[in-house]
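Hi,

Here is the structure I promised to pass on. My notes follow below it, so have a look whenever you have a moment.

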Number of protein chains: 2
Amino acid sequence: MAKRNTRELVLQTSLALFNELGEPNVSTNRIADEANISPGNLYYHFRNKQDIVVELFTRFATQLDRIIAVPVSAALRAEDLWFQLHLSFELKGQYRFLFRNPIDISSRVPSLRRAFMGLFRRERKAAEDMISSLEQSGAMCISSREKEILLNNLMLAMTYWIPFAEMYEEHGLQDGNVQIKSIAGALQMIIPYMAEDARAELTNLAIFYLSHPN
Amino acid sequence: MAKRNTRELVLQTSLALFNELGEPNVSTNRIADEANISPGNLYYHFRNKQDIVVELFTRFATQLDRIIAVPVSAALRAEDLWFQLHLSFELKGQYRFLFRNPIDISSRVPSLRRAFMGLFRRERKAAEDMISSLEQSGAMCISSREKEILLNNLMLAMTYWIPFAEMYEEHGLQDGNVQIKSIAGALQMIIPYMAEDARAELTNLAIFYLSHPN
DNA sequence: GTCTATATCTAGATAGAC
DNA sequence: GTCTATCTAGATATAGAC
């Protein structure tokens, strides 16, 4: 098999196993076994297990950056807000092993700590810009003290909705409705600060998606 | 040394190390070393490492149950709300290793999964009762759909504020202000649904504590 | 590129003397 | 109750043949 293919196979197998069992519970032997290659072969393509994790993180970060980099339009609508959250939640679900315990995974793969921090900082900045845009268009009204706390709460929800949901839902994120519920949760934090009609629009959107699970 | 004392020493040493380094990163040898006893001695007092974790969890759960079991008075005031949150956040800080990754720790110590679930269920029930009490006294107004999502958001915040804070604050929970900020975050989720004066009371309380770090 | 075989290390846990 | 010595298992990673 060509170099690229085996490398890719290892990455995909690792991602699946990490998501299912948790990265610390998956050995390189297990990955090789599941991919039907030898442990030695795996180590021909990757220096070590960390390399695999880092590569997966990099792919995730690249895609998330693309999602949050969407320029904030002057006329930000409820659908836009929902849509961007949906894209980022979807992506995080695909790399959910990263979110079970970011601290622990960072401590085992040192280079990841800075990467995580940077990513979170950019995500927070994107949320901040979005709120500013809503304020300027008159769709939102919030004090700067409240905004600070709201951003914290949003980041908390956007980071930890995955392990939170996995703890309660027996089938974890397989149930598509879990994501919808988590998005609705994040949006409910924002809604109280929105103006009358923008608020109604968002609320209706949430109700619609909650009652139409894919 | 008497049996009780060594057992207790192991528990306290384990708790300190688990909190500092994360339970998966602390070996029984390390615990014995730190406690100045032999590995063999540790295994005389505990069947295995899981036993230590379970014992620590049990102590935590007992204390948390006591805190949330406080009967909800008819005239629930802002201070009461703040005080109960403060007690539970304080306790969770003392056993923070349990919250870094509840799922992972449950998967390594099977009996813990049900225990965690039960505890979270009781905690959610307590929050629900508190909200009901606020509604009945007229201090709060919220639809049943909103209430469901609010309870989710509160549980998310009350469960994961610890790893969230540890990720951002360099000194982790040593900084007393981190707890205050987390409590303020949880309360800000509730405030929008409160009546005018109750809302003002809570907001002022939060501002007071935030500007007076212990 | 891929395999088999193996080296190395660490963690959990036990045996048996004192 | 406590210690020293040791066993076992499993994980990461490497060596060298094909």
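Below is what I found, beginning with how to read it.

This is a predicted model, in which local features need pLDDT of at least 70, side-chain atom pairs count only at pLDDT 80 or more, and totals for chains, interfaces and linings use all residues. Residues are numbered from 1 along each chain as its sequence is written, chains are lettered from A and ligands numbered from 1 in the order in which they are written, and side-chain values use heavy atoms, with hydrogens and water left out.

Let's start with helix α4 of chain B, residues 49-68 (helices are DSSP runs of H or I, at least four residues, numbered from the N terminus). Its 20 residues reach 29 Å from first C-alpha to last, close to the 28 Å expected at 1.5 Å a residue (that is, 1.5 Å times one less than the number of residues). Its buried residues include B:Ile52, B:Leu56, B:Phe60 and B:Leu64 (buried means under 20% relative accessible area, exposed over 50%, with a 1.4 Å probe and protein chains only). The buried residues cover an arc of only 165 degrees around the axis, so they sit on the same side of α4(B); the arc is taken from the directions from the helix axis to the C-beta atoms.

Now for a loop. B:Asn36 lies between α2 (28-34) and α3 (39-45) of chain B. Its phi is positive, about 60 degrees, although B:Asn36 is not a glycine. B:Asn36 is also exposed, with a relative accessible area of 71%.

Best wishes

Key: Helix = DSSP H or I, 4+ residues; strand = E, 2+ residues; numbered from the N terminus.
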